[in-house]
Amino acid sequence: MFIAGFPAGAWGTNCYLVAPAAGEECVIIDPGHEAAAGVEDLVREHRLRPVAVILTHGHIDHVASVVPVCGARGVPAWIHPEDRYMMADPVRGLGRALGQQIMGSITVGEPDDVRELTDGSVLDLAGLRFTVDHAPGHTKGSVTFRTPAAGDVPPVLFSGDLLFAGSIGRTDLPGGDHAEILRSLARVCLPLPDETVVLSGHGPQTSIGRERAANPYLQQVAGAAAGAPEAPRRGM
């Protein structure tokens, strides 16, 4: 499996292009603020052919470039229905004060073709298989995408803003819920094998094994470190 990614825009949101190999069809995950140019560069460099955009949640730092990226290629965007409204009205997902402060001249909207994700569904796209897990807590419609192990390639979890290296997503914006994100961590992340590679919405690559051993939130939900102090949370 071929994965290329880069941190985009003011919030350093990780955008990923995933394909069976260079020169083939690909899926774009979370084209956020100012991501369109980076997507085009990777498409050109690796001779990729985008067939879909899939979104871990609706915050503006993850969806700001959906319209130009989808429009340039005539491809659909997939998002959970509980976060779909943020594509056209991101201020509602951030709260009025923060939303008006950061939006500035960012133009948003829905692409022509929007399709909705459901928990447990499987997307067969670009010759790859992505399993969708609804993981609310950061937002009501947050999801993760899992790809299975294949030969020497370990399974991969695109965790969005559910799980970061050493931390988790913030829960103080509209639709956020700290107890709910802990339940999502327990349901979505804890059952995964340690070798699962975690590619999150912000920050560096990690693994489930590393986070199981060192992330205080995973330790908390596993009952391994009761009363562990909170780590700083990331994401918009």
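**A guided reading of the predicted chain**

Strands β2 (residues 13-19) and β3 are paired in the antiparallel sense, with three bridges between them. The model under discussion is predicted, and this hairpin offers a convenient point of entry. Five residues lie between the two strands of the hairpin, and G23 adopts a positive phi near 85° there. Within the pairing, V18 has V27 in β3 as its bridge partner.

Strand β2 also contains L17. With a relative accessible area of 0%, L17 falls under the 20% limit and is therefore buried. Its surroundings can be described through its contacts. Leaving aside residues up to four places away in sequence, L17 touches F2, I3, A4 and F6, and also C26, V27, I28, V39, L42, V43 and L48. One of these residues, F2, lies 15 residues from L17 along the chain, and the C-alpha atoms of the two are separated by 8.1 Å.

Strand β3, which spans residues 25-29, is mostly covered, with four of its five residues buried. Besides its antiparallel pairing with β2, strand β3 runs parallel to strand β4 (residues 49-54), to which five bridges join it. In this parallel pairing, E25 stands opposite R49 of β4. Helix α1 (residues 36-46) completes the arrangement: together with β3 and β4 it makes a β-α-β unit that is right-handed. Two of the contacts of L17 noted above, C26 and V27, can be placed against this description, since residues 25-29 constitute strand β3. Likewise, V39, L42 and V43 are among the residues that L17 touches, and helix α1 covers residues 36-46.

A second sheet may now be followed from one edge to the other. Six strands, in the order β7-β8-β9-β10-β13-β14, form an open sheet with mixed pairing. Its edge strands are β7 and β14, each of which pairs on one side only.

At the first of these edges, strand β7 (residues 122-125) shows an alternation of side chains: L123 and L125 are buried and point to one face, whereas V122 and D124 point to the other face and are not buried. Strand β7 pairs with β8 (residues 128-134) in the antiparallel sense over four bridges. Among the residues that face each other here, L123 has F130 in β8 as its bridge partner, and L125 stands opposite L128 of β8. The hairpin formed by β7 and β8 has two residues between its strands, and A126 takes a positive phi near 55° in it.

Beyond β8, the chain enters the loop that leads to β9 (143-147), and S142 lies in this loop. Although S142 is a loop residue, its relative accessibility is 6%, and it therefore counts as buried. The side chain of S142 makes a polar contact of 2.7 Å with the side chain of T139. Residues up to four places away in sequence being set aside, S142 touches T56, H57 and D83, as well as D133, H134, A135 and P136.

At the other edge of the sheet, strand β14 comprises residues 206-207 and includes S207. The relative accessibility of S207 is 15%; because the limit for burial is 20%, S207 counts as buried. Its side chain reaches the backbone nitrogen of R210 at a distance of 3.1 Å. When residues up to four places away in sequence are not counted, S207 touches D194, T196, V197 and V198.

The cysteines call for a brief remark. A disulfide is a covalent bond between the sulfur atoms of two cysteines. Requiring the sulfur atoms of such a pair to be within 2.5 Å gives a count of zero disulfides. C70 has a relative accessible area of 2% and is therefore buried. C189, at 1%, is buried as well.

These local descriptions may finally be set against the chain as a whole. The chain has nine helices and 14 strands. Of its 236 residues, 55% count as buried. About 9,500 Å² of the chain is exposed, and carbon and sulfur atoms supply 50% of that area. Among contacts in the chain with a separation of 6 or more, 63% are accounted for by residues 24 or more positions apart.

Conventions
Residues numbered from 1 in each chain as written. Predicted model: local features only at pLDDT ≥ 70, side-chain atom pairs only at ≥ 80, totals over all residues. Heavy atoms only, no water. Buried < 20%, exposed > 50% of the residue type's maximum accessible area, 1.4 Å probe, protein only. Polar contact = N/O pair within 3.5 Å; in protein donor to acceptor, adjacent residues only side chain to side chain. Contact = heavy atoms within 4.5 Å. Areas by Shrake-Rupley, 256 points an atom, 1.4 Å probe, with all protein chains shown as cover. Pairing = 2+ DSSP bridges. Right-handed = clockwise from strand over helix to strand, strands pointing away.
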